[in-house]
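Biologist: Could you take me through this model and tell me where each label comes from?
Modeller: Sure, let's put the values next to the definitions.

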Amino acid sequence: MKILCVDDDEIFREIYRVGLEENLPDAEISIAASGEEAMELIDDGDFDVVLTDLQMGEVSGLDVLRHVKRMSLTTEVLIVTGVPSIDSVIESMKLGGRDYIEKPISIPLLIEKLERIRSYRRKVAEAERYRLEKENMEMAAGLKIHQLEYLAQEIKTSITEVCRKLSVAGKEVSRRGVQQILASLKPFSSK
Amino acid sequence: MKILCVDDEKTIRTLYLEMLEKMLPPEDRIELAVSGEEAIERLQHEVFDVVITDLQMTGLSGLDVLAYVREKCSSCEVIIVTGYGSIDSAYIAMKQGARDYIEKPVKLMLLVEKLNNLRDYSRIVKEGEEFRLAKDASEIQSNREIMLLEERIRLMQAAINEAFTLTAGKPDDELVSAAHLQHITGLLKPFCWQEREEGGE
């Protein structure tokens, strides 16, 4: 899981770095010290989760959230709030933020929240995989059915033609003649 | 979504029923339970999509309800209502399998957002499951069609082989008897286009 942590407070950046690296060994952690820096990283990187403080300098966490939602369909945002401000939390969730956590950060709780996001993303990927599998299977089966139908029609047409020739040939036909008439069915005889 | 709200305080239950329900899409339905015991009793007989339960109640706690749901109701998700600022109980609830938690006093606007999140999640899970089932169904259907076609082709090939066997031998000018010819034609005739079909395909 690729996670970008955004906070203008160095202490929190360190908490995220250490806390996440220790508890999510398979995660790839990037750090940004401002909203501006975060946006640049978001433009270049494909993050699974962006964890951003709400109150920062010029570019706020909500700006970062808006930027993420503009740039990516799949990146999830987890908002961090310092002062408990339920209104901005609700606004962030309306803007597409997946979840929020309050400072002081409890790393175990943050990990649980990240795990929820991970399981959500896994379900999204799973649904997409099933959708593709279904489409691919239907396409392959459709092609095979089409080929078999075509072959069946081809054989049927050849047999019809042979029957017509045999009936025209009537009683006065030699073995050679019958063999010549049947020759067109040769490609369809099985071994 | 069918939502079971569990709280031993009447005012909170009223809040859920009279306020929360109005804030949710019309297809959502709120049901109430006055205790963990009643919640589990209801869950034994009814399927709920979400259980919102208070953590601390007299008798069975929210964690007991959570444990029951996790064990018995695979597609149901739980939101635990925790005391204000109680990070530890929030963590414990999450650790034990709650999908989310919300602090008291419950902000309904926030709860609505959390429920929307959950709706998203259930929709995705359901969608995946539907694709998986649809794939299985259409695989069975296609395999059946393929089998029928292959069988048809196999029968035609068998008739053709038989016709070749009946005319095997050196090519010569000896006339083929009418009975023999009829035999050959008889083999192939069932696979001819019927007149009404001709030109149709």
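Biologist: What pattern does chain A follow along the sequence?
Modeller: Chain A reads β-α-β-α-β-α-β-α-β-α-α, with six helices and five strands. Those are DSSP runs, numbered from the N terminus: helices are H or I with at least four residues, strands are E with at least two.

Biologist: Why is chain A called more spread out than a compact globule?
Modeller: Its radius of gyration is 33 Å, well over the 16 Å that the globule rule gives for 191 residues, so the label fits. The radius is taken over C-alpha atoms, and the rule is 2.2 Å times the number of residues to the power 0.38. The C-alpha atoms fill a box of roughly 105 × 30 × 25 Å along the principal axes.

Modeller: Some ground rules: this is a predicted model, where local features need pLDDT of at least 70 and side-chain atom pairs pLDDT 80 or more, while totals for chains, interfaces and linings use all residues. Residues are numbered from 1 along each chain, chains are lettered from A and ligands numbered from 1 as written, and side-chain values use heavy atoms, without hydrogens and water.

Biologist: Why is B:Cys192 not bonded to A:Cys163?
Modeller: A disulfide needs two cysteine sulfur atoms within 2.5 Å. The sulfur of B:Cys192 is 3.2 Å from the closest one, in A:Cys163, so that is too far for a bond. Over all chains, the structure holds zero disulfides.

Biologist: What makes B:Cys192 count as buried?
Modeller: Buried means under 20% relative accessible area, exposed over 50%, partly exposed in between (1.4 Å probe, protein chains only). B:Cys192 has 6%, so it counts as buried.
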